[in-house]
Amino acid sequence: MTDMTPLPRPERQRKPDWIRVKAPTSVGFAETKAMMRRLNLNTVCEEAACPNIGECWTKKHATVMILGDTCTRACAFCNVKTGMPRAVDALEPQHTADAAAELGLEHIVITSVDRDDLPDGGASQFVKVIQALRRTTPKTTIEILTPDFRNKAQAAVESIVEARPDVYNHNLETVPRLYPTIRPGARYYASLRLLESVKRHDPSIFTKSGVMVGLGEERLEVHQVMDDMRSADIDFLTMGQYLQPTPRHAKVLDFVTPQAFDAYAAIARAKGFLLVAASPLTRSSYHAGDDFAALRAAREAKLARA
Ligand code: SF4
């Protein structure tokens, strides 16, 4: 190769037919995007290059990503920008509530980047967002999807649980064997303990967690993760296909078929989750509003049987 020879481009992996999604072109999509820009809000839908953005934003369902657009971790599966984040936006809680009001959301999902640089890991911003939502759109149910609050989880969970979100989600993401390569800044058992402590502090809050498949995990390892989640009394499991956001990220090692997802879902239900969502395009916040209604109904049915 001479100095002028361009470097070969890393190959993009071809997706199976069941992963194909339509390009986002609707009016609802354009309006949601314009509103997020106007309110200076970030969404995980855009930052994580979610394949469902066309469908969700057409219905004006968007997941707000608070605490900026820059993450202090660099997980091998995640498309969110890494680096030194900017100062926390004091207007973000009210802007998030304004977005929920404008979109007419019955259920909202709030997530964040990891903020290991902040003394509380960003927990107080979650609390402020929950409080702003309760003031502005009191009928909107609230689901939060938090980071692991490394070394600060105890205090973070206590303060957030006191603000009483309806659903507390924290994703385990993958099987413990793959943490060193896929989620190197996190600890599997610390994440499990975080979820367990939410239930210990307030059993009325639904807990939820998710895993991606296709990263090289074995089927029995996934079953073990389900058992671990049930030991931590997690109510709701989500499972979806990992997709490589760019060629720099971890490769997809396996495209799990819809039938294999159905088999995982059947096993998970047998293990006692109140609700299971498992399909190639399932993401933590995909159809979260409908799922929340199903979750509530499942709990009521269980209590009626008891
Ligand atoms: S699945 Fe979640 S992250 Fe993806 S577009 Fe829908 S709301 Fe956004």
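**Sheet architecture, ligand shell and annotated cysteines**

In the predicted model, Cys50 occupies the loop that connects helices α2 and α3. Cys50 has 25 other C-beta atoms within 10 Å, and is therefore classed as buried. Beyond the residues within four places in sequence, the contacts of Cys50 are with Val44, Cys45 and Arg283. Cys45, in turn, is part of helix α2, and Cys45 is likewise buried because 25 C-beta neighbours fall inside 10 Å. When residues within four places in sequence are set aside, Cys45 is in contact with Cys50, Ile53, Cys56, Trp57, Ala62 and Thr63.

Both cysteines belong to a group that an unreviewed UniProt entry lists under "binding site", namely Cys45, Cys50, Cys56 and Ser285. These four positions are spread over 241 residues of sequence and yet cluster in space, the largest C-alpha distance among them being 10.4 Å. The four also appear among the residues around the ligand, which are Val44, Cys45, Cys50, Asn52, Ile53, Cys56, His61, Ala62, Thr63, Arg283, Ser285 and Tyr286. Helices α2 (44–47) and α3 (53–58) each contribute at least two residues to this shell. In terms of residue class, the shell consists of seven nonpolar, four polar and one charged residues.

A further set of positions, Cys71, Cys75 and Cys78, is also listed for "binding site" in the unreviewed UniProt entry. Of these, Cys71 is located in strand β3, which covers residues 70–71, and Cys71 counts as buried because it has 23 C-beta neighbours inside 10 Å. Apart from residues up to four places away in sequence, Cys71 touches Val80, Lys81, Thr82, Val113 and Asp114. Cys78 is placed in the loop between β3 and β4, the latter strand comprising residues 81–82; with 22 C-beta neighbours inside 10 Å, Cys78 is buried as well.

The strands of the principal description here form an open sheet of eight members in the order β1-β2-β5-β6-β7-β8-β9-β10, and the pairing within this sheet is mixed. Because β1 (42–43) and β10 (275–278) each have a single partner strand, they stand at the edges, and one side of each is left without a neighbour in the sheet.

Within this order, strand β5 (residues 107–112) follows β2 and precedes β6. Strand β2 (residues 64–66) runs parallel to β5 and is joined to it by three bridges, with Ile66 standing opposite Ser112 of β5. On the other side, five bridges connect β5 to strand β6 (residues 141–145), again in parallel, and the bridge partner of Thr111 in β6 is Leu145. In a regular strand, side chains alternate between the two faces of the sheet. For β5, both faces are covered, since His107, Val109 and Thr111 on one side are buried, as are Ile108, Ile110 and Ser112 on the other. Strand β5 is accordingly described as mostly covered, with six of its six residues buried.

Further along the sheet, strands β8 (residues 206–213) and β9 (residues 236–241) run parallel and are joined by six bridges. One of the paired positions involves Lys208, whose bridge partner in β9 is Phe236. Helix α9 (residues 219–231) lies across β8 and β9, and runs at about 170° to β8.

The unreviewed UniProt entry places the feature "domain: Radical SAM core" at residues 57–274. Over this range the chain is 38% helix and 16% strand, and the C-alpha atoms at its two ends are 27 Å apart.

Helix α1 (residues 27–38) includes Gly28. Gly28 is partly exposed, because 16 other C-beta atoms lie within 10 Å. Although Gly28 and Lys60 are 32 residues apart along the chain, their C-alpha atoms are separated by 6.2 Å. With neighbours within four places in sequence left aside, Gly28 is in contact with Trp57, Thr58, Lys59 and Lys60. Of these contact partners, Trp57 is also among the residues in contact with Cys45.

Terms used. Residues are numbered from 1 along each chain as its sequence is written. This is a predicted model: local features need pLDDT of at least 70, side-chain atom pairs count only at pLDDT 80 or more; totals for chains, interfaces and linings use all residues. Two strands pair if DSSP finds at least two bridges between them. Helices (H or I, at least four residues) and strands (E, at least two) are DSSP runs, numbered from the N terminus. Two residues are in contact if their C-beta atoms, placed from the backbone, lie within 7 Å. Axes are lines fitted to C-alpha atoms, for helices over the stretch in contact, and angles run from 0 to 180 degrees between N-to-C directions. A residue is near a molecule or strand if its C-beta atom, placed from the backbone, lies within 6 Å of it. Ala, Val, Leu, Ile, Met, Phe, Trp, Tyr, Cys and Pro count as nonpolar, Asp, Glu, Lys and Arg as charged, and the others, Gly among them, as polar. UniProt positions are given in the numbering used here, feature names are shortened, and annotations may be inferred rather than shown by experiment. A residue is buried if 20 or more other C-beta atoms lie within 10 Å of its own, exposed if 12 or fewer, and partly exposed in between; C-beta atoms are placed from the backbone.
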